[in-house]
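Trainee: Could you take me through one part of this model slowly? I'd like to see how a pair of neighbouring helices sit together, and what lies beside them.

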Amino acid sequence: MKVLVANIGSTSFKYRLYDMTDESQLAKGRIERIGEAESPVEVEVNGRKIVETLPVPDHAEAVRQCLKQLTAPETGCLADSSEVSAIGFKAVHGGRVTGVQIVTDEVLEAMEEMVDIAPAHNPPYIAAMRQLRAQLPEVPLVAAFETGFHATIPVANRTYAVPDEWIEEYQIRRFGFHGASHRFISVRGAELFGGKNPRIISCHLGGSSSLCAIADGKSRATSMGGSPQGGLPQNNRVGDFDPYLLPHLMKRTGKSCEEILAILGKQGGLLGLGGAGTDIRDIMAALDNGDEKAKRAIDVYVFDIRRYLGAYLVELGGADMLVFTGGIGENQWRIREMVCRNLESFGIILDPEKNQSCRAVEGCISTDDSPVKIYVIPANEEIIVARQTAEAVSEKKN
């Protein structure tokens with residue numbers, strides 16, 4: 001079975017193609033600036049990278065271009081597009097619908113109910129899924145919701161202190177996201193721990209960041225809340241924020257609630273605090289140049305990571321592994337150092353040399369005698385979605 005895994009942005013389409021007989025990656029590619037006159041189209045097959053510029057008006061055309069590249073006689077890895085058994089989506093928020101689902105009208109309706117809560121994520125996925133169902137009806141579509149991994153969080157850890165009827169009627173609760181990433185860490189962490197299920201605190205740090213407390217291979221708590229806007233400060237999203245400040249800001253600025261939320265969702269986070277952009281490399285460079293705002297942004301970010309880290313040490317009764325993943329977690333040794341500062345009394349002892357030399361590769365960065373093993377594990381969300389997609393399609397056939 002060959003599975004295409006799609007990661008959709010509002011104007012982008014990234015994919016990986018897997019042969020699920022041995023979980024080998026056959027190809028990967030990306031298409032940017034969808035909807036513009038010219039869209040950069042990139043594919044890498046058998047170690048060969050091809051880049052061209054084409055008009056790609058929508059996500060359905062993006063998938064067609066992808067399949068065209070993968071079946072090209074000179075460069076492709078497929079004899080025919082019919083070899084693709086399914087397309088799996090790293091879907092974000094389905095509210096009342098979670099887990100792994102064959103895409104149906106009901107699934108799309110559930111995703112539409114959550115558009116206000118996930119405005120940057122759900123609309124492009126919904127549009128792409130509708131287009132693909134109409135134009136590629138022979139290919140099963142599977143939504144692997146990021147909220148699925150967090151379905152095991154105990155009630156007390158996922159419930160807001162709101163009127164009871166809101167919880168069931170309006171789906172007001174902590175859902176959690178980055179489920180594919182944290183699930184991968186739970187699986188890989190167990191492998192590194194000798195096949196046992198360790199207590200893991202997974203730090204997915206990137207343009208979008210979250211922490212997850214994992215025990216027995218299951219999510220016990222996570223920093224993101226009812227929307228992807230909650231939790232840690234993101235690259236341009238606010239993170240945790242007191243809702244009672246909204247009417248105050250509306251009165252003082254004269255802006256509507258929707259306008260304030262748009263600012264918090266697009267101009268907040270590290271961008272709003274630091275003013276040096278959304279790329280952590282630019283913010284760290286500004287910090288090195290003595291920029292006080294950049295220092296404040298990093299300090300706030302690290303404080304919140306440590307705040308959740310401390311809470312999850314309490315929730316799990318300690319930890320066996322602390323894992324860093326995601327673009328920042330894998331590459332920014334200084335952030336890892338800041339997070340682990342003065343945590344020796346909790347059994348978290350970082351080895352400075354191992355930490356500084358470990359970038360974008362898997363490795364243990366704790367001292368040999370550290371009770372808590374600290375790892376860098378590169379994220380592989382796509383293989384998780386590929387596995388879930390293959391299983392869902394196989395179950396449907398049976």
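Mentor: Sure, let's start with α10 and α11, which are oblique to each other. That word fits because the angle between them is about 125°, and oblique covers what is left once roughly parallel, roughly antiparallel and roughly perpendicular are taken out. Keep in mind that this is a predicted model. Helix α10 covers residues 280–288 and helix α11 covers residues 292–316, and their axes are 7 Å apart where they pack. As for the handedness, α10 passes α11 in a left-handed crossing.

Now zoom in on the side chains and backbone that touch. From α10 come I280, I283, M284, A286 and L287, and they meet A294, K295 and I298 of α11. Sort that contact by class and you get seven nonpolar residues, one charged and no polar ones.

Next, follow α11 over to the sheet. Six strands make up this open sheet, with mixed pairing, and you can read them off in the order β11-β10-β9-β12-β14-β13. At the edges sit β11 (218–222) and β13 (363–364), each pairing on one side only. Helix α11 packs on this sheet and touches β9 (200–204), β10 (210–215), β11 and β12 (321–325). Compare directions and you'll find that α11 makes about 10° with β10.

Finish at the β13 edge. Strand β13 pairs with β14 (residues 373–376) in the antiparallel sense, over two bridges. If you want a spot to click on there, try C364, which stands opposite Y375 in β14.

Technical notes:
Residues are numbered from 1 along each chain as its sequence is written. This is a predicted model: local features need pLDDT of at least 70, side-chain atom pairs count only at pLDDT 80 or more; totals for chains, interfaces and linings use all residues. Side-chain values use heavy atoms; hydrogens and water are left out. Axes are lines fitted to C-alpha atoms, for helices over the stretch in contact, and angles run from 0 to 180 degrees between N-to-C directions. Helices (H or I, at least four residues) and strands (E, at least two) are DSSP runs, numbered from the N terminus. Angles under 35 degrees count as roughly parallel, over 145 as roughly antiparallel, 65 to 115 as roughly perpendicular and the rest as oblique. A crossing is left-handed if the near helix is turned anticlockwise from the far one by less than a right angle, and right-handed if clockwise. Contact means heavy atoms within 4.5 Å. Ala, Val, Leu, Ile, Met, Phe, Trp, Tyr, Cys and Pro count as nonpolar, Asp, Glu, Lys and Arg as charged, and the others, Gly among them, as polar. Two strands pair if DSSP finds at least two bridges between them.
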